[in-house]
Amino acid sequence: MGQSYSKESNNGERDVFFKEQPFEMPLIPEECIICVLSKVPVSDIKNCRLVCKMWKQLIDGHSVWKEKCLKNLSQWTIIENGGDKWLVENEAVGVDPFPEDDIKSCFATSYMNCSKFQLINLFQQGVLQEVMDNARPKIEVSEWHAARFDCGSVYELKVHLLDENYEPQDEFHYGPYEVAQWQGRQWIQTKHLFEHYPPGVRYIQFRHSGKDMQFWAGHYGSKMCGARVTFVFNK
């Protein structure tokens, strides 16, 4: 149980005390420390860096944040379905079937170039800044687009990862994608996976645009819907 020592009390008797030996940190498996630290609130975990060199290295690395994400951030919900509602969730990358039953509307373009911008504030959606700086999960972006059968059109998508000053840190550019008259109608999904982006990403910006190629009055240009952002954490 450890070394003992004694001292004489006021009544002449000797009281025996046991002095516990300190538990050596290296005896604790690293996996256990990571598991414990992943349960510590974000507001306190920075103070844990001061405990010892090992804890500092673990917290400054990605293992703790990765474990924290897998345990606590597996059900983020944010989706755009013709509007400005987003879905962010933790899942594997795959091919999504076109959600025909879920989509009630879409953004349809006209004879002039039509664009819409959408900006996702990750912190406001519950994505911790430490996650984006340390774990840096892969970010998959996707959207469905289609052309009318009776009118040719063009579609374009740009997605930027922005820092706190709205400066681009990484980008994806799809298009211009042209569909000739009598060749459209089929919905097509475009996808991109952001990897190895730098720390500091705070926003995701979408710019969707398109137009018809025959200058017809009305909304005969490309249409788009089902924009999606997926965070991928490798187990």
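This passage walks through the sheet, the aromatic pairs, a surface patch and the cysteines of a predicted model.

A good place to begin is the open sheet, which is built from 4 strands in the order 3-10-5-8, with antiparallel pairing. Strand 3 (107–108) and strand 8 (188–194) lie at the edges; each has a single partner strand, so one side of each has no neighbour in the sheet. Strand 5, covering residues 138–146, pairs with strand 10 in the antiparallel sense, and 8 bridges join the two. To pick out one contact by eye, look for Glu140, whose bridge partner in strand 10 is Thr230.

The aromatic side chains come next. Across the whole structure, 6 aromatic pairs are found. One of them is formed by Phe149 and Trp182: the ring centres are 5.4 Å apart and the planes meet at 65°, so this pair counts as edge-to-face. The two residues come from distant parts of the chain, 33 residues apart, with Phe149 in the loop between strand 5 and strand 6 (153–162) and Trp182 in the loop between strand 7 (168–179) and strand 8. Both partners are partly exposed, Phe149 with a relative accessible area of 33% and Trp182 with 48%. In the pair of Tyr174 and Tyr177, the ring centres are 5.9 Å apart and the planes are at 20°, so the pair is stacked. Tyr177 is partly exposed as well, at 30% relative accessible area. Ring pairs also bring in Tyr155, giving a cluster of Tyr155, Tyr174 and Tyr177.

On the surface, Tyr111, Met112 and Phe215 make a nonpolar patch of about 330 Å². Phe215 sits in the loop between strand 9 (203–212) and strand 10 (223–232). This residue is exposed, with a relative accessible area of 55%.

Finally, the cysteines can be checked for bonds. The structure contains 0 disulfides. For Cys32, the closest cysteine sulfur belongs to Cys35 and is 7.2 Å away, which is too far for a bond because a disulfide needs the two sulfur atoms within 2.5 Å. Cys225 is likewise in no disulfide, the nearest cysteine sulfur being that of Cys106 at 5.8 Å. The surroundings of these cysteines can be compared too: Cys32 is partly exposed, with a relative accessible area of 41%, whereas Cys225 is buried, with a value of 1%.

Notes:
Residues numbered from 1 in each chain as written. Predicted model: local features only at pLDDT ≥ 70, side-chain atom pairs only at ≥ 80, totals over all residues. Heavy atoms only, no water. Buried < 20%, exposed > 50% of the residue type's maximum accessible area, 1.4 Å probe, protein only. Patch = residues over 30% accessible without salt bridge, like charges linked within 9 Å, V, L, I, M, F, W, Y side chains within 5 Å. Areas by Shrake-Rupley, 256 points an atom, 1.4 Å probe, with all protein chains shown as cover. Salt bridge = Lys/Arg side-chain N within 4 Å of Asp/Glu carboxyl O. Pairing = 2+ DSSP bridges. Phe/Tyr/Trp six-rings, centres within 6.5 Å; stacked < 30°, edge-to-face > 60°.
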